[in-house]
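Welcome, and please open the model in your viewer with the sequence panel beside it. We will go from stop to stop, selecting a few residues each time.

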Amino acid sequence: MRYLGVIVLMVAAALMPPLAAAPSRAVILITLDGARHQEVFGGFDVEVARARLETGQPLEDATAYRRYWAETREERRQKLMPFFWGTLMRHHGSIAGDRSLGSAVSVTNRHWFSYPGYAEILLGRAHDEDINSNEPHRNPYPTVLEFLQTRGGLTASQAAVFASWNVFDAIAEHRAGALTVNAGYEPFESPSPDIARQSRQQSETPTPWDSVRHDAYTFRFAMDHLARYRPRVLYLAFGETDDWAHDGRYDRVLDAYSRFDGYLRELWTWLDSQADYQGRTSLLITTDHGRGRGPADWKDHGSRVAGANETWMAFVSPEMRPRGPWSTHPELHASQAAATLITWFGEDWRTFDAAAAPPVEAVAGQPHPRR
Ligand SMILES: [Zn+2]
């Protein structure tokens, strides 16, 4: 009788329509290459702007001044990134790294340039000895993106990377083909005629840099992929904030932040309108390194440039309550990004790498957002 009952239950279970699986959590990592905390928290830096102008030209005549200048740093950052500051950080998330409030975020690697910075974010700790150049060498270690893809049982389309810098082909995955990676001037295939046209156009509209395409293409391809394949793990890596700075084009740096703010608005609005993302998606927004602090060295970074280890990190997650800028807390590190993403995804970060830095959530009770 007991066996008959079991068989009846098994038959009943087999005949029932499958329950609609609850959409799983999604995590989105976003980086802005070499984005200084000085601009993120203070907007237009008048000393930097003055230093790059030809002698004699009044600062007030500069387009960037008219576009981004305001009296207070709160007003200036609001002008630079109105959605980020006015909506995202006000109502949905928080950000660490404003050193004037006693909030510091730093990289732990000793190099203070791109590949080691991204590797620290994606691996959960620095590997200073074997990750020490920007050459496109395959990442020697599995990344957090690959870990989440495996643990989440995701297809390569559901764990995707869109990057402006072509070296991300090597950085993002230890095992080539584990993820969807579209980086540099790589063509992007889409059934959308508009996106297919943009894929052809990216090489007809080159930047001044051979290895970095315009962020606009990176964003458009990512949005097309997001809507079509519904990834649960997505990484958007923007590059222009770094490259325009190396070229000394402060006006273009500021415009890159401004455009990024528009991308963020579009991304957030879309996520919020989709049942499988709304309320279950976490965003971590950060940078791979800082830059020099003043008008003499703001263009540069690397271990000899004071301040180039200083970064910032923003969190938008149903898991975290703080809103606005953090103040007065133990220093955070770029290495904590990996474990934070894993925790948001509902997995145990220690099974990724027990020696990785712990998630930022471990101190999530401590921040005191300024009122
Ligand atoms: Zn960089």
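A residue counts as buried under 20% relative accessible area, as exposed over 50%, and as partly exposed in between. Keep in mind that this is a predicted model.

**Stop 1: two loop residues with positive phi**

Select Arg-230, which sits in the loop between α11 (215–229) and β6 (233–238). Its relative accessible area is 24%, so Arg-230 is partly exposed. Check the backbone here too: phi of Arg-230 is near 50°, a positive value in a residue other than glycine. Most residues other than glycine have a negative phi.

Now jump to Thr-328, in the loop between β10 (324–325) and β11 (332–333). Thr-328 is not a glycine either, yet its phi is positive, at about 45°. Is Thr-328 buried or exposed? With a relative accessible area of 59%, Thr-328 is exposed.

**Stop 2: the zinc ion**

Next, select the zinc ion and show the side chains of Asp-33, Ser-114, Asp-288 and His-289. These are the protein donors, through OD, OG, OD and NE2 respectively, and they lie 1.9 to 2.1 Å from the zinc ion. What arrangement do the 4 donor atoms make? The angles they subtend around the zinc ion run from 95 to 130°, so the arrangement is tetrahedral. For comparison, the ideal angle for four tetrahedral donors is 109.5 degrees.

Along the chain, the donors of the zinc ion follow the spacing D-x80-S-x173-D-H. Asp-33 belongs to the loop between β1 (26–32) and α2 (37–42), while His-289 belongs to the loop between β7 (281–286) and β8 (310–311), so this pair ties together parts that are 256 residues apart in sequence. Asp-33 and His-289 are both buried.

**Stop 3: helix α7**

From the zinc donor Ser-114, extend your selection along α7 (114–123). How many of the residues of α7 are buried? The count is 10 of 10, with Ser-114, Tyr-118 and Glu-120 among them. Show the surroundings as well: the cover over these buried residues includes β1, α8, α9 (168–171), β6, β7 and α14. Just after α7 comes Gly-124, with a positive phi of about 85°.

**Stop 4: helix α8 and its partner**

Move to α8 (residues 144–151), where 6 of the 8 residues are buried. They are Val-144, Leu-145, Glu-146, Phe-147, Leu-148 and Gln-149. Among the elements covering them are α7 and β4 (159–163), along with α14 (336–344). Just after α8, look at Gly-153, whose phi is positive at about 60°.

Keep α8 on screen and add α14. Their axes are 10 Å apart and the helices pack at an angle of about 15°. Angles under 35 degrees count as roughly parallel, so α8 is roughly parallel to α14. The crossing is right-handed. To see the contact, select Val-144, Phe-147 and Leu-148 on α8, together with Ala-338, Leu-341 and Ile-342 on α14.

**Stop 5: an oblique helix pair**

For another helix pair, select α6 (residues 82–92) and α13 (residues 250–272), whose axes come within 8 Å and cross at roughly 40°. That angle makes α6 oblique to α13. This crossing is left-handed. On the α6 side the contact is made by Pro-82, Phe-83, Phe-84, Leu-88 and His-92, and on the α13 side by Asp-261, Leu-264, Arg-265 and Trp-268.

**Stop 6: Leu-226 and Thr-205**

Select Leu-226 in helix α11. Its relative accessibility is 0%, so Leu-226 counts as buried. Beyond its neighbours within four places in sequence, Leu-226 is in contact with Pro-231, Leu-234, Leu-267, Trp-270, Leu-271 and Tyr-277. Try the distance tool on Leu-226 and Ala-160: they are 66 residues apart in sequence, and 8.7 Å apart from C-alpha to C-alpha.

Finish at Thr-205, in the loop between α10 (193–201) and α11. Thr-205 counts as partly exposed because its relative accessibility is 29%. Leaving aside neighbours within four places in sequence, Thr-205 is in contact with His-214 and Tyr-217. How far apart in space are Thr-205 and Asn-132? The C-alpha to C-alpha distance is 31 Å, with the two positions 73 residues apart in sequence terms.

How values were computed: Residues numbered from 1 in each chain as written. Predicted model: local features only at pLDDT ≥ 70, side-chain atom pairs only at ≥ 80, totals over all residues. Heavy atoms only, no water. Helix = DSSP H or I, 4+ residues; strand = E, 2+ residues; numbered from the N terminus. Buried < 20%, exposed > 50% of the residue type's maximum accessible area, 1.4 Å probe, protein only. Donors = N, O, S within 2.8 Å, 3.2 Å for Na, K, Ca; no water. Tetrahedral: all angles 85-135°; square planar, octahedral: opposite > 155°, others 65-115°. Axes fitted to C-alpha atoms, helices over the stretch in contact; angles between N-to-C directions. Parallel < 35°, antiparallel > 145°, perpendicular 65-115°, else oblique. Left-handed = near helix turned anticlockwise from the far one by under 90°. Contact = heavy atoms within 4.5 Å.
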